[in-house]
Amino acid sequence: MIGVDIGTTSTKAVVFNNNGEALSRAGVEYPLHTPKPEVAEQNPEEIFQAVLTTIKESMKEAKIAGNKVQFISFSSAMHSLMVVNHNGEPLTNSITWADNRSSHYMEKVKQAYNGHQIYLRTGTPIHPMSPLLKLVWLKEEHPELFKPEHKFISIKEYVFYRLFGQYMIDYSIASATGMFHLEQLDWDQEVLELLQINKEQLSTPVATTHSITGLHPPYAKELGLPSDLPFIVGASDGVLSNLGVNAIEPGVVALTIGTSGAIRTVTDKPVTDPKGRIFCYALTDKHWVIGGPVNNGGMIFRWLKEELGQAEVEKAKQTGESPYDLLTALAETVPAGSEGLLFHPYLTGERAPLWNANARGSFFGLAMHHKKEHMIRAVLEGIMMNLYSVLLALEELIGEPKRIQATGGFARSPFWRQMLADIFDQEVMVPESYESSCLGAVVLGMYAKEDIDSLEEVENMVGSVHSHHPNPDATKTYQDLMPIFIRLPRLLEKEYEAIASIQKQCTQA
């Protein structure tokens with residue numbers, strides 16, 4: 001069984017056996033085009049080719065023939081949008097969740113279009129990440145794209161169209177558009193009227209367990225797969241990550257840090273927040289994932305490496321070590337709390353808990369006794385403290401979680417895992433599978449094929465290999481710092497707007 005995850009910075013494919021054990025992994029990275037601070041696009045052809053390559057490479061590494069594959073099931077990043085013509089040819093790049101060009105229409109949607117009611121029906125906060133805002137922006141500034149024969153689709157829809165010649169969107173990706181009625185499981189009619197588009201310009205919504213066959217012969221030949229192999233449309237990476245780490249029972253929270261990050265838990269029906277702070281996305285018609293995404297996860301660590309870690313990068317070239325491990329080792333020389341230095345990681349604006357595209361990063365408390373290692377640790381702590389502030393909002397709806405399952409690239413680091421336990425003041429479990437979205441896609445595929453009776457079967461496939469308990473002294477330090485960390489962004493709202501405006505002027509000059 002093959003799970004494919006179409007991510008923001010790379011596509012991964014993992015081959016699993018029937019016990020949920022990974023037999024092979026393959027990945028292909030691709031660039032995120034950011035010529036200006038508010039732009040974040042990708043070339044859809046590069047992503048499509050990455051999908052083909054990772055499937056071929058994962059099969060090659062696992063040494064399996066195409067006729068031995070039971071199915072391929074898909075995960076994908078949320079909130080992407082692209083426009084295609086009547087032949088399915090892209091008229092735009094894939095505009096990612098990180099693109100902020102629609103930010104100046106946010107207040108208009110909130111006020112003139114009664115945005116809060118749209119959120120309560122669709123579960124997606126009014127924010128530039130959402131295809132709803134992107135379409136409002138395109139309609140106003142690029143009306144030539146709004147022709148009746150054009151379609152508005154996500155990157156996963158584009159991949160499936162290329163493979164099968166059909167436009168379909170799973171309930172999960174659809175529920176992340178800001179245009180999908182959670183109760184009716186269909187496009188929201190009021191939103192369509194607001195945008196002046198019709199259902200024919202969008203893909204057909206299907207269940208996440210929907211299976212399709214009839215792979216186009218050229219791709220069947222290239223991949224070495226039978227044309228009647230079932231492809232499961234699958235769901236979004238966020239909800240499948242919850243499934244892949246066995247965080248689908250009530251009260252269990254999944255925390256993921258990849259390029260971005262998120263905290264999520266599962267409910268048996270759609271839940272939205274009267275204050276509009278959390279999302280609600282579909283996994284199946286009986287499983288709904290609520291939580292909050294942050295823009296700034298592992299990408300901030302990469303920024304740190306590139307801008308402050310030149311010495312570590314050079315040393316890594318000489319020793320064969322990872323520059324990230326060298327930076328982490330430096331951070332470990334500093335006590336918890338970085339001796340009173342805070343970092344707000346809002347280098348790409350922020351979604352939860354601020355929902356403010358103009359938010360900007362900052363060090364606070366910087367003094368003469370602080371050195372490079374303090375700044376490194378403060379950056380890593382800032383990523384975690386920001387996620388903890390999202391959990392505090394989520395707790396108002398679900399209560400204190402009974403268990404935290406953590407995953408993502410950061411989970412490979414014992415230092416980060418312990419920091420997470422200390423900041424959250426709770427035991428943290430780290431499942432064996434780092435590629436949780438790929439495993440979640442495969443479990444969903446098994447459920448779709450009726451190979452398993454319940455998604456809860458994932459418990460037998462996910463083992464916890466690390467458990468970390470909070471250090472009381474470190475936790476006390478973080479509890480003293482958290483109120484300051486939370487207050488500062490609220491105090492700086494007007495200043496964020498002012499500095500973001502100046503930055504835009506600078507890039508346009």
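Buried, in what follows, means under 20% relative accessible area. The model I am showing is predicted. With that cut-off, Ser-175 counts as buried, because its relative accessibility is 0%.

Let me stay with Ser-175 for a moment. Ser-175 sits in the loop between helix 6, residues 171–174, and strand 10, residues 180–181. What does the side chain of Ser-175 reach at 3.1 Å? The backbone nitrogen of Ala-282. Leaving aside residues up to four places away in sequence, Ser-175 touches Thr-122, Thr-124, Phe-180, Leu-182, Cys-280, Tyr-281 and Ala-282.

One of those neighbours, Cys-280, brings me to the cysteines. Cys-280 counts as buried, because its relative accessibility is 0%. Cys-438 has a relative accessible area of 1%, so Cys-438 is buried too. How many disulfides does a search of the whole structure find? The count is 0.

Next, strand 15, which covers residues 252–257. Is strand 15 largely enclosed or not enclosed by the rest of the structure? Largely enclosed, because 6 of its 6 residues are buried. In a regular strand, side chains alternate between the two faces of the sheet. In strand 15, Val-252, Ala-254 and Thr-256 point one way. Val-253, Leu-255 and Ile-257 point the other way, and all of these residues are buried.

Now the pairing. Strand 15 pairs with strand 21, residues 403–408, in the parallel sense, over 6 bridges. Strand 15 also pairs with strand 16, residues 261–267, this time in the antiparallel sense and over 5 bridges. Val-253 shows both pairings: its bridge partner in strand 21 is Ile-404, and its bridge partner in strand 16 is Thr-265. How many residues lie between strand 15 and strand 16 in the hairpin they form? There are 3 residues between them.

Following the chain onward, Lys-269 lies in the loop between strand 16 and strand 17, residues 279–284. Is Lys-269 buried or exposed? Lys-269 counts as exposed, because its relative accessibility is 53% and the cut-off for exposed is over 50%. Lys-269 and Lys-60 are 209 residues apart in sequence, and their C-alpha atoms are 41 Å apart in space.

To recap: Ser-175 is buried and its side chain reaches the backbone nitrogen of Ala-282. Strand 15 has 6 of 6 residues buried and pairs with strand 21 and strand 16. Lys-269, in contrast, is exposed.

Technical notes:
Residues are numbered from 1 along each chain as its sequence is written. This is a predicted model: local features need pLDDT of at least 70, side-chain atom pairs count only at pLDDT 80 or more; totals for chains, interfaces and linings use all residues. Side-chain values use heavy atoms; hydrogens and water are left out. Buried means under 20% relative accessible area, exposed over 50%, partly exposed in between (1.4 Å probe, protein chains only). Helices (H or I, at least four residues) and strands (E, at least two) are DSSP runs, numbered from the N terminus. Two strands pair if DSSP finds at least two bridges between them. A disulfide is a pair of cysteine sulfur atoms within 2.5 Å. A polar contact is a pair of N or O atoms within 3.5 Å; within protein, one must be able to donate a hydrogen and the other to accept it, and residues adjacent in sequence count only if both atoms are side-chain atoms. Contact means heavy atoms within 4.5 Å.
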